[in-house]
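Visitor: I have a protein model open in front of me, and I would like to learn how to read it, beginning with the way helices pack against one another. Could you take me through it step by step?

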Amino acid sequence: MRVIVSGGAGFIGSHLVDRLIDEGHEVVVIDNLSAGKKEYVNKKAHFVKKDIRTDISEELKGVETIFHIAADPDVRVSAINPKNSFDVNVAGTFSVLEACRKADVKRLIFPSTSTIYGEAKVIPTPETYPCAPISNYGASKLACEAYISSYAASYGIKGTSLRLANIFGERSTHGVMFDFYHKLKKNPNSLEILGDGKQDKSYLHISDCVDAFLTTWKIQKIQYDVFNVGSREKHKVDELATTMCKAMGLSPKFTYTGASRGWVGDMRLMLMDTRKIEGLGWKPKVGFEEGVNKYVSWLQSEKN
Ligand SMILES: NC(=O)c1ccc[n+]([C@@H]2O[C@H](COP(=O)([O-])OP(=O)(O)OC[C@H]3O[C@@H](n4cnc5c(N)ncnc54)[C@H](O)[C@@H]3O)[C@@H](O)[C@H]2O)c1
């Protein structure tokens with residue numbers, strides 16, 4: 001099957017491309033390389049360097065599915081530069097949907113985010129819980145979900161939004177674990193933790209995340225659907241730091257910037273109810289410590 005992966009040179013996208021190629025699909029990657037790396041793109045994929053905000057309908061002709069992964073994924077930066085997450089995520093997704101309409105693509109899978117729930121009072125949070133994002137990034141992704149839902153109903157483009165927890169693993173070059181690793185490389189004796197270390201969230205290894213994309217792609221029956229994708233348990237930032245230090249063979253002193261949030265838009269508590277996607281046969285396979293060990297080994301083997 002011929003499929004497109006936008007953002008296929010990035011962390012999640014490049015792993016998805018590898019898996020699709022392993023399964024025998026013909027894959028076209030569209031990425032502007034603003035954050036992704038050409039060397040992450042599978043050699044068997046066809047690579048097109050292009051911005052999703054330009055017309056990609058030519059590339060979409062004859063394509064069965066687009067996995068629309070390209071985005072500005074940074075919550076922290078979205079507080080400092082709100083326009084970028086609006087432009088790349090909202091306008092970018094709108095542009096991709098318009099190209100699907102023009103090229104008659106009938107299937108789109110989209111990584112949304114746990115941050116769209118904001119400060120949910122129900123933990124684990126089900127898909128039916130009201131969305132009230134507290135970050136510009138979360139707001140931008142919620143707007144994307146709304147457009148995908150509308151295009152599914154209006155133009156018959158079957159859509160899926162996967163509300164992802166914190167995804168980590170090999171090739172990830174942002175997020176809390178990446179930050180800790182680099183701080184510890186610089187100073188193995190001390191680790192500064194943003195916030196009070198008590199933020200308590202769900203983390204999922206990349207291979208389980210890719211499984212979720214493939215499961216919903218193959219099994220979803222209805223025209224538009226939303227699934228939470230995350231681990232069954234949450235971990236405090238302190239525990240995460242301890243697990244990373246153990247994997248690196250270090251025992252630094254932890255210091256804290258002190259506030260209850262690490263940055264503007266940071267969620268203190270996040271755990272999603274994943275029974276809906278588990279009902280399709282998906283379940284996480286990589287344990288937290290096992291995943292952290294794999295990621296640290298990769299970081300240590302790379303010149304990151
Ligand atoms: N990593 C996570 O924890 C996480 C959690 C929830 C949702 N997501 C979502 O998953 C997706 C992938 O995230 P990631 O962590 O792999 O990020 P990433 O930055 O590694 O990948 C994003 C890719 O999109 C490309 N890109 C960005 N803007 C583009 C544009 N205008 N045109 C074409 N390509 C463009 C980048 O070059 C990069 O290769 C994003 O949509 C993100 O919002 C990620």
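Guide: Gladly, and please keep in mind throughout that this is a predicted model. Let us begin with a pair of helices, α8 (residues 237-248) and α10 (residues 288-301), which pack at an angle of about 50° with their axes 9 Å apart.

Visitor: How should I describe the arrangement of α8 and α10, as roughly parallel or as oblique?

Guide: Angles under 35 degrees count as roughly parallel and 65 to 115 as roughly perpendicular, and the angle here is about 50°, which makes α8 oblique to α10. The two helices cross in a right-handed sense.

Visitor: Which residues make the contact between α8 and α10?

Guide: From α8 they are T243, M244, A247 and M248, and from α10 they are E289, V292, N293 and V296. Sorted by character, the residues of this contact are five nonpolar, two polar and one charged.

Visitor: What angle do α4 and α5 make where they pack?

Guide: Helix α4 (residues 82-103) and helix α5 (residues 136-155) meet at about 15°, with their axes 9 Å apart, and therefore α4 is roughly parallel to α5. This crossing is right-handed. Among the residues that meet are F86, V90 and L97 in α4 and Y137, C144 and I148 in α5, and the contact as a whole divides into 12 nonpolar, five polar and two charged residues.

Visitor: Now for the strands: in what order do they lie in the sheet?

Guide: A sheet is read from one edge across to the other, and here seven strands form an open sheet in the order β3-β2-β1-β4-β5-β6-β10, with parallel pairing. The edge strands, β3 (46-49) and β10 (224-229), each pair on one side only. Neighbouring strands are turned against each other by 20° on average, direction ignored. Helix α7 (residues 206-219) packs on this sheet, where it touches β4, β5, β6 (158-164) and β10, and its direction makes about 155° with that of β6.

Visitor: How many bridges join β1 to β4?

Guide: Four bridges join β1 (residues 2-6) to β4 (residues 65-68), and the two strands run parallel; in one of the pairings, V5 has F67 of β4 as its bridge partner.

Visitor: Lastly, which residues come nearest to the ligand?

Guide: Of the 27 residues around the ligand, G7, G10, F11, G36 and A71 come nearest. The largest share of this shell, three residues, comes from α1, and the shell divides into 14 nonpolar, 10 polar and three charged residues.

Definitions and conventions:
Residues are numbered from 1 along each chain as its sequence is written. This is a predicted model: local features need pLDDT of at least 70, side-chain atom pairs count only at pLDDT 80 or more; totals for chains, interfaces and linings use all residues. Axes are lines fitted to C-alpha atoms, for helices over the stretch in contact, and angles run from 0 to 180 degrees between N-to-C directions. Angles under 35 degrees count as roughly parallel, over 145 as roughly antiparallel, 65 to 115 as roughly perpendicular and the rest as oblique. A crossing is left-handed if the near helix is turned anticlockwise from the far one by less than a right angle, and right-handed if clockwise. Two residues are in contact if their C-beta atoms, placed from the backbone, lie within 7 Å. Ala, Val, Leu, Ile, Met, Phe, Trp, Tyr, Cys and Pro count as nonpolar, Asp, Glu, Lys and Arg as charged, and the others, Gly among them, as polar. A residue is near a molecule or strand if its C-beta atom, placed from the backbone, lies within 6 Å of it. Two strands pair if DSSP finds at least two bridges between them.
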